[in-house]
Amino acid sequence: MTIRHHYALDHLNTFGLHCMADSYAEYTDFNDLTAALQTHKGGKMLLVGSGSNLLFMQPEFHGMVLHCTNRDIEVVKEDETGVEIKAGAGWIWDDFVAYTLKHCWYGLENLSYIPGTTGASAVQNVGAFGAEAGEFIKEVECVDLRNGELKILCHDDLDYAYRHSFFKREEELQQWAILHVTYRLSRKFTPRLTYGGVLKEMERRNISADTLTAESLRELIIEIRKSKLPEPDEVGSAGSFFKNPVVPTSQWEELKRLYPTLVSYPAGEGLMKIGAGWLIDQCGWKGKNIGLAGVYEKQALVIVNRGGATGEDILRVCKAVQTDVFKRFGIQLQPEVNFID
Ligand SMILES: Cc1cc2nc3c(=O)[nH]c(=O)nc-3n(C[C@H](O)[C@H](O)[C@H](O)COP(=O)(O)OP(=O)(O)OC[C@H]3O[C@@H](n4cnc5c(N)ncnc54)[C@H](O)[C@@H]3O)c2cc1C
């Protein structure tokens, strides 16, 4: 374990913002982490994976940044129907997804090509194409930074919901360092095809549901993602900047009557999820900039750094988009991105 002082985080956030941390430590295991924590003399702490959902609001972070580099992998249990795989929190998420599919362990295929790490998958409950990581997470091994204790949190403790987990509760924010995540995956491939244009793309490629394999579904999802989302090393962003708002069915009915092309999905009893990208697009934001930041031309849900932007520049676009969407639709968009002060 090495501690670095005055460490640049520019390569550790996909917005590509400039930020210097007072100190930075990589950890692989409990002992490393404990040693790093002993050098911490107060001030803030921040866990960083790949920084693909972080927005640094200041050019300096006064505190200690912790980064997990553990890439262990172990099958901890198996039976006829599935396997439990314990992975270090430092795995690149998409490498892990590819690894599971190579071993014919199914479930994560719809989550292919999401940037980030396994550790963050358990915090963010990453989701795409009708699947969420939390569905597959059996337990998380983590350290409570308030007292240095090692804990195993089980699925039922983790409070998974849309882009939400136990780790995102106000009182738990930045209080836990994840070491390992255990996923339960299936030996049977059960494709989920009804979200995000998957069926349309299959039709275009003449792939039928009978001939579809998990690998071909992964490829197809990667293609769809590449056609809509910026590559983090080419255009600075954090993916979807806003959450898709969930509204009561009565409000949705009124909106649908006024805007028949409204993009929406059922979100449980009496609730509908509205496509935030559609709302932003209707306000004419696609491809529009304010100074050095703007809205991605291929996907209105993505705020981008046009080069040299600061956190304030990104925030300006965020606020302008929120104001326009609220004025037009009466919906207050909530950021999905983690703001770091
Ligand atoms: C182009 C693009 C597309 C994207 N598409 C999607 C998508 O389809 N679906 C989706 O859900 N997200 C998407 N995202 C957002 C992002 O990929 C996810 O939120 C991802 O899980 C972040 O992983 P990370 O390792 O970069 O975490 P970071 O951004 O570094 O951190 C995210 C949060 O996790 C915490 N954290 C990270 N590692 C640890 C750890 N070891 N222990 C404890 N806490 C930790 C951080 O403190 C922070 O609160 C996209 C982002 C980009 C740039």
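# Chat about a predicted three-domain model

Student: Before I dig in, what kind of model is this?
Tutor: It's a predicted model. The secondary structure of the protein comes to 8 helices and 20 strands.

Student: And which domains does the assignment give?
Tutor: The domain assignment has domain 1 at 3-68, domain 2 at 73-186 and domain 3 at 236-340. Between domain 2 and domain 3, the C-alpha centres are 27 Å apart.

Student: How does the radius of gyration sit against a compact globule?
Tutor: The two agree: a compact globule with 341 residues would have a radius of gyration near 20 Å, and the protein has 20 Å. As for the box, the C-alpha atoms fill roughly 60 × 55 × 35 Å along the principal axes.

Student: OK, sheets. What's the strand order in the one with 4 strands?
Tutor: That open sheet runs β1-β2-β5-β3, and its pairing is mixed. At the edges you find β1 (3-8) and β3, each pairing on one side only. From one strand to the next, the twist averages 35 degrees.

Student: Mixed, right. Which way do β1 and β2 pair, parallel or antiparallel?
Tutor: Antiparallel, over 5 bridges. One pair to click on is tyrosine 7 with its bridge partner in β2, alanine 21.

Student: What packs on that sheet?
Tutor: Helix α1, residues 30-38, which touches β1, β2 and β5. The direction of α1 makes about 150 degrees with that of β2.

Student: Then how many bridges join β2 to β5?
Tutor: There are 7, between β2 (residues 20-27) and β5 (residues 60-68), and these two strands run parallel. Alanine 21 turns up here too, with phenylalanine 61 as its bridge partner in β5.

Student: And how do β3 and β5 run?
Tutor: Parallel as well: 4 bridges join β3 (residues 44-47) to β5. Look for methionine 45, which stands opposite methionine 64 in β5.

Student: Quick refresher, what holds strands of a sheet together?
Tutor: Strands pair through backbone hydrogen bonds, in either a parallel or an antiparallel way.

Student: Switching over to the sheet with β14 in it. What's the order there?
Tutor: It's β14-β16-β15, an open sheet of 3 strands with antiparallel pairing.

Student: Why do β14 and β15 each have a side without a neighbour?
Tutor: Because β14 (246-248) and β15 (264-266) stand at the edges, and each has a single partner strand in the sheet. Neighbouring strands in this sheet are turned by 35 degrees against each other on average, ignoring direction.

Student: How many bridges between β15 and β16?
Tutor: It's 3, in the antiparallel sense, with β16 covering residues 271-274. Serine 264 stands opposite isoleucine 274 in β16.

Student: Which helix lies across those strands?
Tutor: That's α6, residues 249-258, lying across β14, β15 and β16. Against β14, helix α6 runs at about 95 degrees.

Student: Now the ligand. Which residues come nearest?
Tutor: Gly49, Gly116, Gly119, Ala120 and Gly239, out of 34 residues around the ligand. The elements giving two or more residues to that shell are α3 (118-124), β8 (127-128), β12 (176-186) and β13 (236-240).

Student: Which of them gives the most?
Tutor: Helix α3 does, with 5 residues in the shell.

Student: I'm thinking about electrostatics. How do the shell residues divide into nonpolar, polar and charged?
Tutor: The shell has 18 nonpolar and 16 polar residues, and no charged ones. Note that Gly counts as polar in that split.

Terms used
Residues are numbered from 1 along each chain as its sequence is written. This is a predicted model: local features need pLDDT of at least 70, side-chain atom pairs count only at pLDDT 80 or more; totals for chains, interfaces and linings use all residues. Two strands pair if DSSP finds at least two bridges between them. Axes are lines fitted to C-alpha atoms, for helices over the stretch in contact, and angles run from 0 to 180 degrees between N-to-C directions. Two residues are in contact if their C-beta atoms, placed from the backbone, lie within 7 Å. Domain bounds come from an automatic or database domain assignment. A residue is near a molecule or strand if its C-beta atom, placed from the backbone, lies within 6 Å of it. The radius of gyration is taken over C-alpha atoms; the globule rule is 2.2 Å times the number of residues to the power 0.38.
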